[in-house]
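Student: Hi! I have a protein model open and I'd like to walk through it with you. Could we take it topic by topic?

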Amino acid sequence: MELANRVKTLTPSSTLAISAKAKELKQQGYDVIGLGVGEPDFNTPDYVIRAAEKAMKDGMTKYTPSGGINELKQAIIHKFKDENELSYSADEIVVTTGAKHALYTLFQVILNNDDEVIIPAPYWVSYPEQVKLAGGKPVIVDASEDNEFKITPSQLEQAITEKTKAIVINSPSNPTGMMYNRDELAKIGEICAKHNIVIVSDEIYEKLIYTEDKHVSIASLSDKLKQQTIVINGVSKSHAMTGWRIGYAAGDAKIIKAMTSLASQSTSNPTSIAQYAALAAYEETDTETLSNMKKVFSERLEILYELLVEIPGIKCVKPKGAFYLFPNVKEAALINGYNNVDEWVTALLEEENVALVPGSGFGSPDNVRLSYAAATDLLKEAAKRIKRFVENHRG
């Protein structure tokens, strides 16, 4: 049976693929350290779990409005006002089955065939694929390591054509952990406003920042930019709720209405119980859980970063947020006699049982992504194995 053309060029998620390979080797008895997964290794807070239990016992197990329950929308509205200096109404919010679904649905409702979407590289693996699935064309703009993996205004200007519909900004970034500051966002926003470009602002890692830098939503910089921006967020990273699958989008009511209509014909609604769990996540004044998670991640970042940059042939821009390191290992791969980083990553997994995600999936083939959402002793052991691998294969 013939497949649809839209999926024939679809590239499977490299992060899920490496995680599946690591799991397979573990099941075969190998001592694999998997640093590919993109989720906190903390359990969901107890008060969130209790809220889900209560929702089930109270009979909140039925269909909900396609765009999410009003109580959760109101909690999201309060969150934006209190934390991001943004004011939205309920018709400007849609709750989705994870932030990934919010992005997918957004591209489906704003893109026509051959519309172009500017995506800075390195990028999260799903951005280009979702754009292609919506009939659009990803326009990849390479961000330099020397500029902390951030594109410049001049690069943005050069990438814009008459077909440009949108740009994706992910700050803090997956996979690099880097952030755009207020001035950088203002300059990007000025160009987008001039050319009437939709700004897709993925802010899912906004809570996980380990420096004095402050997260700034580009939508908060002016009324004009707010009108042109769709903010994507969710509770997956901030509250260790990846499996609950609750995300949301905020922006122009016309776009949000279209996203809601599409959801009504695809998912019906986000899981009812998970919505009440997310409601508790936002209503509970719990700062201890997030503070503890940030403290642990910050400590792990310092440890793993220092261990990695000591390894010959590996250099790394120190991230400011998220929970990833994105080192350049091209020199190490060449020293070890491999043609490219993908081959080096495969050999590392086979010989030292350390699973990393090759940067080729993120549009940066000289790099690898390591998640430090793992126990500190595992991170130290992984660094030890990587160092041993590099040194044993030196010509």
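Tutor: Happy to; we'll go through rings, strands, open spaces and one loop residue.

Tutor: First, this is a predicted model, where local features need pLDDT of at least 70 and side-chain atom pairs count only at pLDDT 80 or more, while totals for chains, interfaces and linings use all residues. Residues are numbered from 1 along each chain as its sequence is written, and side-chain values use heavy atoms, with hydrogens and water left out.

Student: Okay, rings first. How many aromatic pairs are there in the whole structure?

Tutor: A search finds 15. Rings of Phe, Tyr and Trp (its six-membered ring) pair if their centres lie within 6.5 Å; planes under 30 degrees apart count as stacked, over 60 as edge-to-face and the rest as tilted. One of the pairs is Trp124 with Tyr127, edge-to-face at 5.4 Å centre to centre with 80 degrees between the planes.

Student: Are Trp124 and Tyr127 buried or exposed?

Tutor: Both Trp124 and Tyr127 are buried. Buried means under 20% relative accessible area, exposed over 50%, and partly exposed in between (1.4 Å probe, protein chains only).

Student: Which pair links distant parts of the chain?

Tutor: Phe297 and Tyr372 form an edge-to-face pair, 6.3 Å centre to centre and with 75 degrees between the planes. Phe297 is in helix H12 (residues 288-309), and Tyr372 is in the loop between strand E12 (368-371) and helix H15 (376-392), 75 residues apart. Those labels come from DSSP runs, numbered from the N terminus: helices (H or I) have at least four residues and strands (E) at least two. Phe297 and Tyr372 are both buried, and they belong to one aromatic cluster with Phe42, Tyr205, Tyr210, Phe323 and Tyr324.

Student: Nice. Switching to strands: in what sense do E3 and E4 pair?

Tutor: Strand E3 (residues 116-121) and strand E4 (residues 137-142) pair in the parallel sense over six bridges. Two strands pair if DSSP finds at least two bridges between them. In this pairing, Ile119 stands opposite Ile140 in E4.

Student: And which open sheet has three strands?

Tutor: Its order is E9-E12-E11, and the pairing is antiparallel. Strand E9 (324-325) and strand E11 (357-358) are the edge strands, each pairing on one side only. Two bridges join E11 to E12, and Pro358 stands opposite Val368 in E12.

Student: What about empty space? How much lies in the largest pocket?

Tutor: About 580 Å³. The search uses a 1 Å grid over the protein atoms alone: a cavity is a set of points where a 1.4 Å probe fits but cannot get out, a pocket is an open set with protein on both sides within 12 Å along at least five of seven lines, and lining residues have an atom within 4 Å of a point. Grid points are joined across faces, edges and corners, and a volume is the space filled by probe spheres set on the points.

Student: Which residues are closest to the centre of the largest pocket?

Tutor: Of its 25 lining residues, they are Gly38, Lys100, Trp124, Lys237 and Arg245.

Student: And how many cavities of 30 Å³ or more are there?

Tutor: Three. The largest cavity holds about 130 Å³ of space, and its 17 lining residues include Pro120, Pro122, Asn170, Ser173 and Tyr180 nearest its centre.

Student: Last one: why does Lys214 count as exposed?

Tutor: Because its relative accessible area is 65%. Lys214 is in the loop between strand E6 (198-202) and helix H9 (223-228).
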